[in-house]
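User: I am learning how to read a protein structure, and I would like to go through one slowly. Could we begin with its surface and then work inwards?

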Amino acid sequence: MTDDAPKSMIQIAREDGATGTAPPVDLGARVRDLRKARGWTLEQAAGQAGLARSTLSKIENGQMSPTYDALKKLATGLEISVPQLFTPPASEQINGRMALTKSGEGTAQATATYEHELLADTLRKKQMLPYRARIRARRMEEFDGWVRHDGEEFLFVLTGVIQLYTEFYEPIEMRRGDSAYYDAAMGHNVISVSDEDATILWVTSLV
């Protein structure tokens with residue numbers, strides 16, 4: 001498999017799942033919603049955060065831009081992280097999506113070194129790209145350099161024995177049931193070292 005082949009597969013999946021930029025969060029409304037979700041009054045929330053009631057009221061009503069110190073106090077009082085103050089709440093609507101891929105019915109995509117079987121290929125706008133791969137490569141020289149792409153990746157050995165090569169670590173021999181989770185921007189390649197071609201499950205993040 002060339003360095004471009006896996007990038008192309010993953011890039012296509014990412015483009016297919018592209019979504020618009022989330023609107024900016026109204027900090028005051030977000031703090032108010034978090035406070036009310038806990039059933040706290042202004043006085044209770046201010047006490048939890050170590051802020052004056054008037055200060056918290058002004059923040060909730062958009063009359064004051066809090067300092068970073070005040071944001072840290074708010075986050076501590078609400079028992080969340082500072083970034084979560086600016087993260088919109090997840091939609092409560094359940095979309096109920098599901099895709100069943102029966103054995104051998106995934107979408108095939110062969111390369112010089114791997115035979116990929118894309119799973120859940122009927123779902124669009126996925127946040128993960130799951131695929132099963134048969135590892136045909138036996139030597140690192142069969143690759144045109146490192147495979148690398150954005151996101152994170154999870155690898156699980158299904159059958160056989162593989163050697164996982166990464167840019168910053170010594171090669172690792174992995175057998176059935178072994179797994180690895182790694183930064184996919186780090187160069188990585190996999191070869192089979194057992195008599196038969198190894199098979200692995202790969203899951204790549206698309207966000």
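User: How much accessible surface does the protein chain have, and what share of it belongs to carbon and sulfur atoms?

Analyst: In this predicted model, the accessible surface of the protein chain comes to about 12,300 Å², and 50% of that belongs to carbon and sulfur atoms. Of the 207 residues in the chain, 39% count as buried.

User: Which residues have the most contacts inside the largest nonpolar core?

Analyst: In soluble globular proteins, nonpolar side chains tend to be buried together. Here the largest nonpolar core has 24 residues, and those with the most contacts inside it are Ile135, Leu155, Ile162, Met174, Val190, Ile200 and Trp202. Several elements supply at least two residues each, including helix α1 (4-16) and the strands β4 (152-159) and β9 (198-205), while β3 gives the most, with four residues. A second, separate core of 18 residues includes Val31, Ala49, Ala70 and Ala75.

User: Ala49 belongs to helix α3, so how should I read a helix like that one, and where do its buried residues lie?

Analyst: An α-helix has 3.6 residues a turn, so residues three or four places apart point the same way. In α3, which spans residues 42-49, the buried residues are Leu42, Ala45, Ala46 and Ala49. Seen down the axis of α3, these buried residues fall within an arc of 100°, and therefore they line one face of the helix.

User: What covers the buried residues of α3?

Analyst: Their cover includes three other helices, α2 (27-37), α4 (53-60) and α5 (68-78). After α3 comes Gly50, whose phi is positive, near 75°.

Technical notes: Residues are numbered from 1 along each chain as its sequence is written. This is a predicted model: local features need pLDDT of at least 70, side-chain atom pairs count only at pLDDT 80 or more; totals for chains, interfaces and linings use all residues. Side-chain values use heavy atoms; hydrogens and water are left out. Buried means under 20% relative accessible area, exposed over 50%, partly exposed in between (1.4 Å probe, protein chains only). Accessible areas come from the Shrake-Rupley method with a 1.4 Å probe; for residues, only the protein chains shown count as cover. A nonpolar core is a set of buried Ala, Val, Leu, Ile, Met, Phe, Trp, Tyr and Cys residues joined through side-chain atoms within 4.5 Å. The arc is that of the directions from the helix axis to the C-beta atoms. Contact means heavy atoms within 4.5 Å.
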